[in-house]
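The following exercises are meant to be worked through slowly, with the sequence and the 3D view side by side. Please try each task before reading its solution.

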Amino acid sequence: MSNSKLVLVTGGAGYIGSHTVISLVNAGYKPVILDNYSNSDPQVIAGIQDILQQPVTHYQGDCRDWDLVNSIFSKHEFEGVIHFAASKAVGESVEQPLAYYGNNLDSLMMLLKAMNQFNVPKLVFSSSCTVYGQPDQLPVTENTDRKPAASPYGNTKKICEDIIIDVVKSNTGLKAVALRYFNPIGAHPSAKIGELPLGTPSNLIPFVTQTAAGIRKVLTVFGDDYNTPDGTCIRDYIHVMDLSDAHVRSLSYLDEQQANSYYDFFNLGTGKGTSVMEVIKTFEEVAGVSLNYQVGPRRSGDIEQIFASVDKAKEVLHWETTKTMEQALGDTWKWQQIISKTS
Ligand code: NAD
Ligand code: UD1
């Protein structure tokens, strides 16, 4: 088995990928980024290199471009692939389902083909808690059934998990984990990289920080009549650096598996649910600002509450979060202030 420490990071210029590149280098890996910058800025590479104080190998291109993928695998002897590259906007996926199925499924299949051809054994795949829909019981364990997907985006994550399972069953030497992220937030503490949403953000935290920075006039809380203690929706928000570390840990976890082919999947969250109002209050305390918000109607398609059981990740993966909501919101706020100044 290859033990090159070289890892292909698809989507490595994106939000979670860029932070994971930092964690990989800090753990002694040599990441190689492949990104088409369809949802990221090439300047992110400069931010990564600035944090690391060393160059990082990076290719601009599409995971679906076989000639490019083939040439990258020919050039580098990878021991694994961390596959972040995907289209991820839920609403857009409803409007453009074929673009979403095309990108998310074809990218994965192209990589699996290359991994098979070049005997690259390990795959870490970005899945999502969206595969659970609105679960019947909380917290959500990995034994919780997946529900029919509420959007084409969600369906791509389910189908990708199933494709990986089928390839593992074919016993051709693939060892894979699917990581079901809950709600990633935060930024690198240096504030040199962070989330860069294009246009008006649909996610809560970038909307909060952009409102505080004066870019948006008012934050709308989507409903306060849910069956939760303060009436607002509950999610499990996880610091992106904790999430990044789980990818590094997943690579060594796969090394520990003796089987020729192997599949496992984990929830990645904090295990704690936080309401929209709690997020707002914590942000106001951390940032020392008063946020302009109003309560509006529910957002269609929103689920009332979801948070992870993280027991399996703790017991099997030996990973757990170390950062607090305060740290995550503080790091995001620091990052927002930097990008507000430069844009
Ligand atoms: P992101 O959009 O910031 O990063 C994805 C990166 O992949 C971008 O830099 C984009 O340019 C690139 N990319 C997309 N298609 C590509 C292709 N065909 N070839 C090469 N590069 C391509 O997203 P993110 O938030 O970092 O998410 C990373 C992964 O995690 C995605 O698979 C996403 O679906 C999944 N995920 C994200 C969240 C979240 O809230 N951010 C939650 C659950 C799962
Ligand atoms: C959304 C996606 C999910 C994806 C996740 C991370 C949907 C239905 N789900 O989840 O598939 O994995 O993002 O990218 O789009 N909120 C407000 N005001 C706002 C924005 C959000 O009140 O301006 C509330 C929402 O109602 C929700 C919470 O904040 O209760 C979190 O929202 P968001 O950040 O969009 O994440 P999810 O809805 O959990």
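**Exercise 1.** Describe the polar contacts and the surroundings of ligand 1, beginning with its contact to Phe 84.

*Solution.* Begin with the backbone of Phe 84, where a polar atom lies 2.8 Å from an oxygen atom of ligand 1; a polar contact is a pair of N or O atoms within 3.5 Å, and within protein one must be able to donate a hydrogen and the other to accept it, while residues adjacent in sequence count only if both atoms are side-chain atoms. Before going on, note that this is a predicted model, in which local features need pLDDT of at least 70 and side-chain atom pairs count only at pLDDT 80 or more, whereas totals for chains, interfaces and linings use all residues. Residues are numbered from 1 along each chain as its sequence is written, chains are lettered from A and ligands numbered from 1 in the order in which they are written, and side-chain values use heavy atoms, with hydrogens and water left out.

Next, find the nitrogen contacts: a nitrogen atom of ligand 1 is 3.0 Å from a polar backbone atom of Cys 63, and a nitrogen atom of ligand 1 is also 3.0 Å from an N or O atom in the side chain of Asp 62. Then consider the cover, for ligand 1 on its own has 820 Å² of accessible area, of which the protein covers 94% (Shrake-Rupley method with a 1.4 Å probe; for residues, only the protein chains shown count as cover).

**Exercise 2.** Decide whether Lys 30 is buried, partly exposed or exposed, and find what it touches.

*Solution.* First locate Lys 30 in strand β2, residues 30-35 (strands are DSSP runs of E, at least two residues, numbered from the N terminus). Because its relative accessibility is 48%, Lys 30 counts as partly exposed, a class between buried, under 20%, and exposed, over 50% (1.4 Å probe, protein chains only). Leaving out residues up to four places away in sequence, Lys 30 touches Ser 4, Lys 5, Leu 6 and Val 7, where contact means heavy atoms within 4.5 Å. Lastly, the C-alpha atoms of Lys 30 and Val 7 are 6.1 Å apart, although 23 residues separate the two along the chain.

**Exercise 3.** Which residues make polar contacts with oxygen atoms of ligand 2?

*Solution.* Polar side-chain atoms of Asp 302 and Asn 203 lie 2.5 Å and 3.0 Å from an oxygen atom of ligand 2, respectively, and a backbone N or O atom of Leu 204 lies 2.8 Å from an oxygen atom of ligand 2. Finally, ligand 2 taken alone exposes 740 Å², and the protein buries 85% of that.
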